[in-house]
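Here's a walk through one protein model, starting at a single residue and working outwards. Have the structure open as you read.

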Amino acid sequence: MNHQPHVFTLEYAVELALQQAAAVVGRTSPNPPVGAVVVRDGQVVGLGATQPAGGPHAERIALAAAGERARGADLYTTLEPCTFYGRTPPCTEAIIAAGIRRVFFIAHDPDPRMGDGAAAVLQPAGIEVYRITTGAATVAGQLAPFRCRVQCGRPLVTAKYAMTLDGRIATASGDSRWITDPAARAQVHRLRDQVDVIMVGVGTIRNDDPQLTTRLDQHWREPRHPLRVIVDSRGQTPLHARVVRGDLPGQTLIACVQPEPAWLAAMQSRGVRVVQFPPDATGRVALAPLLHYLAHEGYNHLLVEGGAMLLGALHAECLIDEIWAFIGARVVNDALAPGPMAGPGVACMAMARRYRLRRLEQYDQDALLIATAVDAPWWDVEEVADVYRHC
């Protein structure tokens, strides 16, 4: 295993652990993506990343790779080792059995089953435990969907839309192809590859007839087709829509209130899952119960791609945690052309929900703004007191 710098540092071990975690983002729900590294005498002897649900966690993978070389070694992990029995035994149990000398972790595990935490289990066994700050911001981003589901009982919601320089998502006639160029559209598919669910309103299905699949050429891993969710309160998804074709990869779920029996039977015959939810005050699908249902099903990250009514309703209920706004270098110049959100609105600017710009990217002539809601704590980097800085 050739992963050695000239001089071993804590930063190098953390970078390896972060790389391991990044490689499994979007593949581990309901578990978080975690990376782990085992180091002995300045040499990396084991690497690991959390496997899909039911598979071993990152620490166990890294310990298995290290074998006997784990005895007396140090373990670096992006998330505090678990202490409880779930689908797999606790990682603290494997750490003790392997004879690890010291454990360094970046983020605390928010799962309430953790009890008093990993240190309370490992320290009585003679293992030193340290929480470190190196890589904390990156780990916060990797773990944000998991933290949201565990602490709030719903998936983290990312809103994605493309708009022109004058804030329009289509012309007044409804034409929207294409606002951005191929490089920006490819980034959308990379985002789809990292989430668990894609959600749209039935208007998007009727107007655009999208597939909502992940299409990536020569990608470094097998692309993932997230669960497709259509919010269709009255059961109006056309039977000929591409998203309900039986040969489409992945699965489709339609959230409705009270569908017509014939339509319901036709959708079920195509392998589409139809789930009924209570109505909100307008008679449409109540969004909070829908999100809680998805969390209960084990989904950490939800991507909402439109339309404007659905995005506006989610925003009005403060259910959007993050926005990916692609801006195409075009101008529609039409007051009747739609914008990205069509909610009830606010009376004055002081009431507008605030977001924090987290990243700005450019794809040819298109821009991408990534912003997170200031009242969504999932990306916060907590202050750390017990930092071990000298390895």
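## Starting at Thr214

Leaving out residues up to four places away in sequence, Thr214 touches His189, Arg192, Asp193, Pro223, Arg224, His225 and Pro226. Keep in mind that this is a predicted model. You'll find Thr214 in the loop between helix 7 and strand 8. Being in a loop doesn't put Thr214 on the outside: its relative accessible area is 4%, so it counts as buried, the cut-off being under 20%.

How does the side chain of Thr214 deal with Arg224? It reaches the backbone oxygen of Arg224 at 2.5 Å. One of the other partners, His225, sits eleven residues from Thr214 in sequence, and the two C-alpha atoms are 5.4 Å apart.

Stay in that loop for a moment, since Leu212 also lies between helix 7 (202-208) and strand 8. Leu212 has a positive phi, near 60°, and isn't a glycine. Is Leu212 buried or exposed? With a relative accessible area of 3%, Leu212 is buried.

## Helix 6 and what it packs on

Two of the residues Thr214 touches, His189 and Arg192, belong to the buried set of helix 6, which also takes in Ala184, Gln187, Val188 and Leu191. In an α-helix, residues three or four places apart point the same way, because there are 3.6 residues a turn. With that in mind, look at Ala184, Val188 and Leu191, all among the buried residues of helix 6.

What do the buried residues of helix 6 pack against? The answer is a list of strands: strand 6, strand 7, strand 11, strand 12, strand 13 and strand 14 (366-373). Ahead of this helix, in the loop that leads from strand 6 to helix 6, sits Trp178. The peptide bond joining Arg177 and Trp178 is cis, with omega at about 0°.

## Asp196, on the way to strand 7

Go past helix 6 (182-192) and you're in the loop that runs to strand 7, where Asp196 has its place. Asp196 has a relative accessibility of 2%, so it goes down as buried. Its side chain reaches the backbone nitrogen of Asn300 at 2.8 Å.

Setting aside neighbours within four places in sequence, Asp196 is in contact with Gly26, Ser29, Arg224, Pro226, Leu227, Tyr299, Asn300 and His301. Arg224 and Pro226 are familiar names here, since Thr214 touches them too.

## Helix 10 and its surroundings

His301, one of the contacts of Asp196, brings us to strand 11 (301-304), which is part of the cover over the buried residues of helix 10. That cover also includes strand 6 (156-164), strand 7 (197-201), strand 8 (227-231) and helix 9 (287-296). The residues being covered, in helix 10 (308-316), are Ala308, Leu310, Leu311, Gly312 and Leu314.

There's something to look at on either side of this helix. Before it, Gly307 lies in the loop between strand 11 and helix 10, and the peptide bond from Gly306 to Gly307 is cis, with omega near 0°. Just after helix 10, Cys318 takes a positive phi of about 55°.

## Further along the chain

Ala350 makes a good contrast with the buried loop residues above. It lies in the loop between strand 12 (322-328) and strand 13 (355-363), and at 77% relative accessible area it is exposed. Ala350 and Ile106 are 244 residues apart in sequence, with 37 Å between their C-alpha atoms.

Next comes the loop between strand 13 and strand 14, which holds Asp364. Asp364 is a residue other than glycine with a positive phi, near 55°.

## The whole protein

Now zoom out. The protein has ten helices and 14 strands, and its C-alpha trace spans about 65 × 45 × 45 Å along the principal axes. Why can we call the overall size in line with a compact globule? For 391 residues such a globule would have a radius of gyration near 21 Å, and the protein's 23 Å agrees with that.

Buried residues make up 50% of the protein. Of the contacts with a separation of 6 or more, 73% are between residues 24 or more positions apart. The accessible surface is about 18,100 Å², with 51% of it belonging to carbon and sulfur atoms. As for charge, there are 37 positive and 39 negative side chains, and the centres of the two sets lie 3 Å apart.

Definitions and conventions. Residues numbered from 1 in each chain as written. Predicted model: local features only at pLDDT ≥ 70, side-chain atom pairs only at ≥ 80, totals over all residues. Heavy atoms only, no water. Helix = DSSP H or I, 4+ residues; strand = E, 2+ residues; numbered from the N terminus. Rg over C-alpha atoms; globule rule 2.2 N^0.38 Å. Buried < 20%, exposed > 50% of the residue type's maximum accessible area, 1.4 Å probe, protein only. Contact = heavy atoms within 4.5 Å. Areas by Shrake-Rupley, 256 points an atom, 1.4 Å probe, with all protein chains shown as cover. Lys, Arg positive; Asp, Glu negative; His and termini not counted. Charge placed at Lys NZ, Arg CZ, Asp CG, Glu CD. Polar contact = N/O pair within 3.5 Å; in protein donor to acceptor, adjacent residues only side chain to side chain.
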